[in-house]
Structure formats: structure tokens, C-alpha cells
Amino acid sequence: MKENTNLPGYLANLGKDIPAGLVVFFVALPLCLGISLASGAPLFSGIVTGIVGGLVVAWLSGSQLSVSGPAAGLTVIVLNGIETLGSFDAFLLAVVLAGVIQLGLGFFKAGIIGLYFPSSVIRGMLAAIGLILILKQIPHFLGADEDFFGEMQFFQPDGRTTFSEIGHAFASIELGALLIGVISLGLLLVWDQPALKRFKFFKLIPGALVVVLLSIGINALFVHFMPALAVASSHLVKLPVIDGLGDLSKELRFMSFDQITNPALYVVAFTIAIVASLETLLSVEAVDKLDPHKRRSNTNRELKAQGIGNMVSGLLGGLPMTAVIVRSSTNVAAGGQTRVAAFVHGVFLLLSVLFLAAFMNQIPLSALAAVLLIVGFKLTKPSLYKGQFKLGWEQFIPFLVTVVAILFTDLLVGISVGLAVGVIYILKANYKSPYFYHKEEHVDSEKIRIRLSEHVSFLNKASIILTLDHLPANSHVVIDGESSEFIDYDVLEAIHEFRKTAHERNINVELLNVPEVQVMEMH
């Protein structure tokens with residue numbers, strides 16, 4: 001499907017993009033706040049990043065469906081960066097510099113890196129994110145988690161792990177929050193039924209909006225009529241209340257140039273730029289796989305957009321941002337069609353800060369957890385595992401390893417482990433296909449013809465060397481490169497080294513259309 005980047009194309013999809021943007025907003029709001037808390041940054045900084053991601057990056061992005069904002073994967077880097085530079089204001093300068101570096105990466109066309117990640121690893125990432133969403137939201141769903149809402153790491157700030165937190169939650173359930181969570185989850189499941197989608201009302205009004213409004217109403221009834229069931233304030237959204245421009249100016253922070261000569265500033269900036277760029281490219285690649293229209297994102301444009309976004313975010317006192325898979329996959333699941341959905345989410349974030357904070361602070365986290373449970377399940381459906389298994393072990397093993405590694409570490413470490421396993425299978429596949437081997441029987445000796453394939457790369461070196469090493473003594477070997485457009489130097493070197501020593505096994509070597517190279521002697 002060709003992208004609708006003109007105004008009529010955007011207007012035609014407003015009926016889907018506005019509700020999708022609203023759903024993403026409900027997911028993004030507590031995540032922005034939670035990531036700020038986890039990063040040791042001012043609470044308002046995460047909201048600033050989300051607003052910039054929606055209002056600025058959405059229009060500059062190379063993707064129609066990705067949503068940008070503060071990322072859980074950067075929390076440790078932000079926390080360490082603030083500590084290293086001594087203040088949040090000094091850290092903001094590092095965010096701006098990271099944006100400049102990302103902008104440069106975009107102009108140098110570094111976005112192609114995302115295309116080198118195998119599909120099995122990307123699908124594993126999506127499945128792992130789905131599992132993490134489910135596991136992390138269960139405690140909030142039960143009303144028994146004091147940790148921040150946006151945390152994604154296996155090892156948590158309070159010393160517990162993802163699994164031990166669930167056990168602890170079941171031992172200290174808050175009944176009111178659980179009731180609201182169960183009602184919200186049931187309503188969302190009903191709302192998604194194809195039978196109801198035939199009616200215009202159920203197509204236009206997102207289930208998440210109904211769930212949020214209903215949860216506020218139910219909790220209000222609890223407060224007035226059954227105080228024992230009222231949801232504790234620690235399990236409600238906590239948005240800073242701004243009563244005017246004076247309050248807004250107090251919340252905003254601006255960068256300091258005090259550390260401009262400190263080498264550590266540039267190390268922090270470079271670290272943010274590289275990690276944020278990798279996470280963005282992975283997220284965009286994953287969203288392209290989720291996109292029902294199978295559009296290909298311009299990854300170089302995406303890096304430039306993220307660079308500008310981080311520059312603006314840093315200037316306004318925000319955290320570093322990436323394209324975020326949780327918000328982006330929520331956007332796809334909610335029916336988003338164009339970048340308007342991400343923009344709408346940014347508009348709602350801005351309105352919530354300026355005018356709706358008191359209202360938003362009545363939303364129980366268990367209702368929002370129900371929304372994320374649905375998103376998580378859509379990302380890690382059993383059919384995905386079944387489909388990957390049917391593709392064979394070379395696809396299923398890297399997929400499964402990626403899922404497990406991300407689940408027990410974090411996104412980038414897990415992806416790296418999955419990629420390493422994927423590369424092993426790639427090497428194994430290349431090992432099998434660099435040549436055609438044919439043996440002819442003669443009275444006095446064997447004649448073996450090795451016909452090299454069209455493209456013989458460094459990855460084929462091991463296979464060819466092992467084949468040459470195991471050739472039988474007293475044979476006549478023809479190595480034919482007539483069909484080859486390219487033969488890597490390392491492979492040529494190995495072939496010529498074999499020819500020099502083959503006489504020791506009484507092997508006669510004949511080279512056809514194999515270029516001569518100078519073999520470097522090691523002393």
C-alpha cells in the first residue's frame with residue numbers, strides 16, 4: 001500500500017487515528033511518569049518527552065505508525081548520566097548533543113543497520129515485549145505493586161524480580177483495584193468482539209476510553225459508599241497539577257553549560273545516541289512487521305527525526321527519547337493508520353498537563369493495566385509461537401532465545417543474544433552453499449571438481465577450507481571459478497595456500513578462472 005502522506009489521506013483516516021491516539025495516550029501517560037521516576041529525573045520531564053514525541057517527531061518520522069517518547073530501556077543510562085554529570089540540568093545538554101549525533105547518523109545513512117536484524121529476532125522481541133507487559137501489569141492489575149508503572153527490567157528497583165513481584169502481589173491484593181481491573185478487562189474483551197464492531201458506536205469509541213471513564217466512576221462509588229474498596233492513591237495516576245503559567249515555568253528545567261568541558265559529558269551523549277538509535281531502529285523494524293499495510297519505514301529519516309526530537313526535548317527539560325515498541329504496538333492494535341495517531345497522543349498529553357491533571361489523577365492503574373494486558377496478549381499470541389515453530393529450527397531457536405533473553409535481561413541485551421544465535425544459523429547456512437562438489441571415478445585416481453558459486457564471501461571460508469582439508473590423497477582436484485562474480489580475498493588466499501601444500505598428499509590441483517593473489521607469509 002502506498003503511504004498516504006497528503007492532507008486528504010490523513011483526513012480520510014481520522015475516524016481510526018483519533019481513537020487510536022487516545023488509546024496510546026492512556027498507555028503513554030503513566031509510562032512517561034513511571035520512566036521519569038525510575039530515571040531519577042523530575043516527574044514532569046517524561047511528560048515533556050512524550051509531548052515532543054507526539055507533536056514534533058510524529059510529523060518528521062520515517063514511520064507512519066511508530067510512537068516516540070521516553071523509553072524504559074534508557075532508564076539506567078539516564079540515572080547514571082545524571083549522577084556522572086552532577087545535575088539534571090547538566091544532563092540535558094548531553095541529551096541535546098545526543099540529538100545532534102543522531103541527526104548526523106541519519107545524514108550518514110546509518111539507518112540501514114536495522115535491516116540486518118533477522119525476522120526471527122524481531123518477532124522474538126515483539127513476543128518478549130508482550131510477555132513482559134503481561135507479567136509486569138499483573139501486580140498493578142491486582143493493586144499490589146508500589147513500583148513505578150513503566151518499569152520493564154527483570155530486576156526491579158525494590159530488589160524483587162518480575163516473577164517474585166507477582167508472588168508478592170497475590171499475597172497482598174487490593175480488592176477494589178482488582179474488581180476495577182477485572183471489569184475493565186472483561187469490557188475490553190467484549191468491546192473487541194467482531195459482532196459488536198458491526199455497530200458504528202463500537203467502531204468509533206475506543207474501549208480504553210470507556211474503561212477509563214468507567215473505572216473513575218466505579219472508584220468514586222467505592223469512595224462514597226464502600227470506603228474499604230476505594231483504590232489507594234499509590235495506585236492512581238500521579239500527574240503534576242499545573243494551575244497557570246507560573247506553575248508551568250516551575251516544572252520546566254533548562255540545560256546548563258557548566259559541564260561543557262567535561263569529557264564525561266560527551267561520553268554520556270554518545271552512549272544515549274547509540275543506544276537510543278539502536279532501540280529506535282529495532283522498534284521501527286518491528287512496527288513495520290505489525291503494519292497491516294506492510295509499509296517500509298525510511299530509517300534514515302527516522303534517525304533524523306529522533307535527533308531533532310532529542311534536541312527539542314533536551315532544550316525543554318525532557319528525557320532522551322526513542323521510537324517505543326510498547327506505544328507503537330498499542331497504536332497498531334488500536335487501529336492507527338497514519339502519523340496522525342501519534343500526533344493526537346501528543347495533543348492529549350499536552351491537554352492533560354495543562355487542563356486535565358486533576359481528572360487524570362483519578363484513573364486507577366489497574367484499569368490501565370487491563371489495557372496493557374490486551375496489548376501484551378496480541379503481541380505474544382500462541383499462534384505466533386506455533387507459526388515460528390513451523391518455519392523450522394533455524395527460525396524457531398533464535399526466536400525463542402530472543403524471547404527468553406529479553407525476559408530475563410533487557411531489550412538490547414536480549415536482542416544481542418538472539419542476534420548472536422541467529423548469526424550462527426546464518427553461518428551454518430553459508431557453510432552449506434558456496435560450491436558444487438562433483439567426484440568422477442577413474443582407473444588410476446579420483447577426479448574431483450569443485451565449482452564455486454556466484455558469490456563466495458568470507459562467510460564461506462570455513463566450509464571451503466574444511467572441504468579442501470578432507471579431500472582424499474592421490475586425487476586430481478579441479479577448482480572452477482567460472483561462475484563466480486566475486487570471490488573474497490580470504491577464500492582466494494585459502495585456495496592458493498592449499499595448492500602450495502597439496503603435493504604433500506599427492507594431490508594434483510588445477511585452478512580454472514580463479515584469480516591469482518599474493519599470499520601474505522606470517523613470520
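**Exercise 1. Work out whether F25 is buried or exposed, then classify its ring pair with F348.**

Step 1: F25 has a relative accessibility of 1%, so it counts as buried (under 20% relative accessible area; exposed is over 50%, partly exposed in between, with a 1.4 Å probe and protein chains only). A quick note on the ground rules: this is a predicted model, where local features need pLDDT of at least 70, side-chain atom pairs count only at pLDDT 80 or more, and totals for chains, interfaces and linings use all residues. Residues are numbered from 1 along each chain as its sequence is written, and side-chain values use heavy atoms, with hydrogens and water left out.

Step 2: Now the partner: F348 comes out at 23%, so it is partly exposed.

Step 3: The two ring centres sit 5.7 Å apart with planes at 35 degrees, so call the pair tilted. (Rings of Phe, Tyr and Trp, the last by its six-membered ring, pair if their centres lie within 6.5 Å; planes under 30 degrees apart are stacked, over 60 edge-to-face, the rest tilted.)

Step 4: F25 belongs to helix α2 and F348 to helix α16 (residues 340-354), so the contact ties together parts 323 residues apart in sequence. (Helices are DSSP runs of H or I, at least four residues, numbered from the N terminus.)

**Exercise 2. Classify the ring pair of Y10 and W59.**

Step 1: By the same pairing rule there are 18 aromatic pairs. For Y10 and W59, the centres are 5.6 Å apart and the planes at 80 degrees, so this one is edge-to-face.

Step 2: Y10 is in helix α1 (residues 7-12) and W59 in helix α3 (residues 43-60), 49 residues apart.

Step 3: Y10 is buried at 10%, while W59, at 33%, is partly exposed.

**Exercise 3. Describe the largest pocket: what is its volume, and which residues are closest to its centre?**

Step 1: Its volume is about 620 Å³. (On a 1 Å grid over the protein atoms alone, a pocket is an open set of points where a 1.4 Å probe fits, with protein on both sides within 12 Å along at least five of seven lines; lining residues have an atom within 4 Å of a point.)

Step 2: The lining has 29 residues, and K197, K203, A333, A334 and G335 are the closest to the centre.

Step 3: Helix α2 gives the largest share of that lining, five residues.

Conventions:
Points joined across faces, edges and corners; volume = space filled by probe spheres on them. Helix = DSSP H or I, 4+ residues; strand = E, 2+ residues; numbered from the N terminus.
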